[in-house]
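Subject: Structure for your review

Dear colleague,

Please find below the sequence and structure that I am handing over to you. I would be grateful if you could read the notes that follow with the structure open beside them.

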Amino acid sequence: MNLVSSFRVTAGIAYQKMALSSSASEKYDFVRKSRKILGAALNYMDIVRSRNVAVPAEPLLFLKPTSSYITEGNPIVIPKVFTKVAHEVELGVIIGKQCKNVKKEEAFNYISGYCLALDMTAQCNLALARQNGHPWSLGKGFDTSTPVSGFISTNDIKDPHKVSLWLKVNGQLRQQGNTEDLIFKVDDLIAYSSKYMTLEPNDLILTGTPDGALPVKAGDVIEAGIGDNLRIVFEVKDEV
Ligand SMILES: O=C([O-])CC(=O)C(=O)O
Ligand SMILES: [Mg+2]
């Protein structure tokens, strides 16, 4: 058994623990129906410190197109135009009900569930965009840049601020964090973003990544999880 298929076998078993309450057809329903993906940047103190940037005073949000989604079994494809594409493991929040100007105290009423997500990022593009004050769309929104797990119900994650995230590349631990360390919490992100745009059912909010986002190359196998309850695996390929 090669690395990928051996991960898949264990992934299948581990996955059951958190996916019991969602049927097979519900698993990727949010991916099919989602109309937008919002990402929070620099939302953990450790990444703010390691990048030597100011702590954001307000959530720093960007949009990714839904064409960037992939589900397990499909590879992450590094576009020819990029030289440095990095992994970012994140908790994704899935919106359940249309909402606008949500009060922070009411934000949890609008969540249908969660997913584990990778916010794949072309750091080569982002570095230039930051320098020049240009948009992040291409470095964040390229095809295959949003690999996701299946839907995780609010019964399986009762407190989104106690979720332990990890990511390994070829079996080596690269990222480890806990959502208790989010600078802007899930309710802050919903309240803040909904001042600007209507959140719609199945929209995804990526809550940000802890430190340790590093580039990957073709042939790498990215494995990420939530504690020992959920595990996803994605292979990296070059665009041909
Ligand atoms: O890629 C970045 O630099 C920002 C980002 O998405 C994160 O912090 O999760
Ligand atoms: Mg991110």
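The notes below cover the ligand surroundings, a group of paired strands and the nonpolar core. Please bear in mind that this is a predicted model.

Ligand 1 is surrounded by Gly39, Ala41, Leu42, Asn43, Ile47, Glu88, Asp119, Thr121, Leu126, Gly208 and Thr209. Sorted by class, this shell comprises 4 nonpolar, 5 polar and 2 charged residues.

Turning to the strands, E11 (residues 164-169) runs antiparallel to E12 (residues 172-178), and 6 bridges join the two. These strands, E11 and E12, make a hairpin with 2 residues between them. In the turn, asparagine 170 has a positive phi of about 50°. Strand E11 is also joined by 5 bridges to E15 (residues 221-226), again in an antiparallel arrangement. Tryptophan 166 may serve as a convenient point of reference here: glutamine 176 stands opposite tryptophan 166 in E12, while glycine 225 is the bridge partner of tryptophan 166 in E15.

As for the interior, the largest nonpolar core contains 54 residues. Those with the most contacts inside this core are Ile94, Tyr110, Cys115, Leu116, Ile190 and Ala224. Strand E7 (residues 111-118) supplies the largest share of the core, with 6 residues. Apart from neighbours within four places in sequence, isoleucine 190 is in contact with Val102, Ala107, Tyr110 and Leu199. As a general point, nonpolar side chains tend to be buried together in soluble globular proteins.

With kind regards

Methods
Residues numbered from 1 in each chain as written. Chains lettered and ligands numbered in written order. Predicted model: local features only at pLDDT ≥ 70, side-chain atom pairs only at ≥ 80, totals over all residues. Near = placed C-beta within 6 Å. Nonpolar A, V, L, I, M, F, W, Y, C, P; charged D, E, K, R; others polar. Pairing = 2+ DSSP bridges. Helix = DSSP H or I, 4+ residues; strand = E, 2+ residues; numbered from the N terminus. Core = buried A, V, L, I, M, F, W, Y, C linked by C-beta atoms within 7 Å. Buried ≥ 20, exposed ≤ 12 C-beta atoms within 10 Å, placed from the backbone. Contact = placed C-beta atoms within 7 Å.
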